[in-house]
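Trainee: Here is a new one for us to look at together. Please start with the vocabulary, and then let me ask my questions.

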Amino acid sequence: MGLPHADERLAQSKLGFHVYKLLSDRQLSQREIAALLGIKQPEVSHLMNGHFNRFTTDKLLGFLKRLDRKVTIQISPHHPGKPYQEVGFGL
């Protein structure tokens, strides 16, 4: 589609969705989520409504840490036609 920083945005969206899914599975209130993640309730609302672009990648990675998830970053050569950034999940 030619959007600027498309690979970064896709990676950020995947991280955000994973955080969302983990929180949804726990069936916590927004107040409980705010306390768990160390953010304010309006930010929880943005997160739970899929507005992941409001959070930096670092912030989303911090949420995963607070949700007791291990994050591994792998660096490898880039191949033409493939995205520069990818996010995968091993559940």
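Mentor: Happy to! A residue is buried when its relative accessible area is under 20%, exposed when that area is over 50%, and partly exposed in between, using a 1.4 Å probe and protein chains only. This is a predicted model: local features need pLDDT of at least 70, side-chain atom pairs count only at pLDDT 80 or more, and totals for chains, interfaces and linings use all residues. Residues are numbered from 1 along each chain as its sequence is written, and side-chain values use heavy atoms, with hydrogens and water left out.

Trainee: Which pattern does the chain follow along the sequence?

Mentor: Helices (H or I, at least four residues) and strands (E, at least two) are DSSP runs, numbered from the N terminus. Here there are four helices and zero strands. Reading along the sequence therefore gives α-α-α-α.

Trainee: What percentage of the residues in the chain are buried?

Mentor: For scale, the C-alpha atoms fill a box of roughly 45 × 25 × 20 Å along the principal axes. The chain has 91 residues, and the buried portion is 23%.

Trainee: Which helix supplies the largest share of the largest nonpolar core?

Mentor: A nonpolar core is a set of buried Ala, Val, Leu, Ile, Met, Phe, Trp, Tyr and Cys residues joined through side-chain atoms within 4.5 Å. The largest one has 16 residues, and those touching the most other members are Val 19, Leu 23, Leu 37, Leu 47, Leu 60, Phe 63 and Leu 67. H1, helix H2 (30–37), helix H3 (41–48) and H4 each supply at least two residues of this core. The largest share, four residues, comes from H1.

Trainee: Gln 12 has a polar-sounding name to my ear; is Gln 12 buried or exposed?

Mentor: Gln 12 lies in helix H1. Leaving out residues up to four places away in sequence, Gln 12 is in contact (heavy atoms within 4.5 Å) with Phe 52, Asn 53, Phe 55, Thr 56, Thr 57 and Leu 60. Its relative accessibility is 14%, so Gln 12 counts as buried.

Trainee: How many aromatic pairs does a search of the whole structure find?

Mentor: Rings of Phe, Tyr and Trp (its six-membered ring) pair if their centres lie within 6.5 Å; planes under 30 degrees apart are stacked, over 60 edge-to-face, and the rest tilted. By that test, the number of aromatic pairs found is two.

Trainee: What kind of pair do Phe 17 and Tyr 20 form?

Mentor: These residues are three apart in helix H1 (residues 6–26), so about one helical turn separates them. Both sit in the middle accessibility class, because Phe 17 is at 47% and Tyr 20 is at 27%. The ring centres of Phe 17 and Tyr 20 are 5.9 Å apart with 35 degrees between the planes, which makes the pair tilted.

Trainee: And what kind of pair do Phe 55 and Phe 63 form?

Mentor: Phe 55 and Phe 63 are both buried. Their ring centres are 5.6 Å apart and their planes are at 70 degrees, so the pair is edge-to-face.

Trainee: Which residue forms a salt bridge with Asp 25?

Mentor: A salt bridge is a side-chain nitrogen of Lys or Arg within 4 Å of a carboxyl oxygen of Asp or Glu, and the count by this rule is one. The partner is four residues away in helix H1, so it is separated from Asp 25 by about one helical turn. The closest N and O atoms are 2.9 Å apart, and the partner is Lys 21.

Trainee: Near what angle is the phi of Gln 27?

Mentor: Most residues other than glycine have a negative phi. Gln 27 is in the loop between H1 and H2, and at 70% relative accessibility Gln 27 counts as exposed. Its phi is positive, near 50 degrees.

Trainee: How much accessible area do Val 71, Ile 73 and Ile 75 have together?

Mentor: Patches are made of residues with over 30% relative accessible area and no salt bridge; like charges are joined within 9 Å, and nonpolar side chains (Val, Leu, Ile, Met, Phe, Trp, Tyr) within 5 Å. Val 71 is partly exposed at 39%, whereas Ile 73, in the segment after helix H4 (57–66), is exposed at 69%. Areas come from the Shrake-Rupley method with a 1.4 Å probe, and for residues only the protein chains shown count as cover. Together, the three residues form a nonpolar surface patch with an accessible area of about 360 Å².
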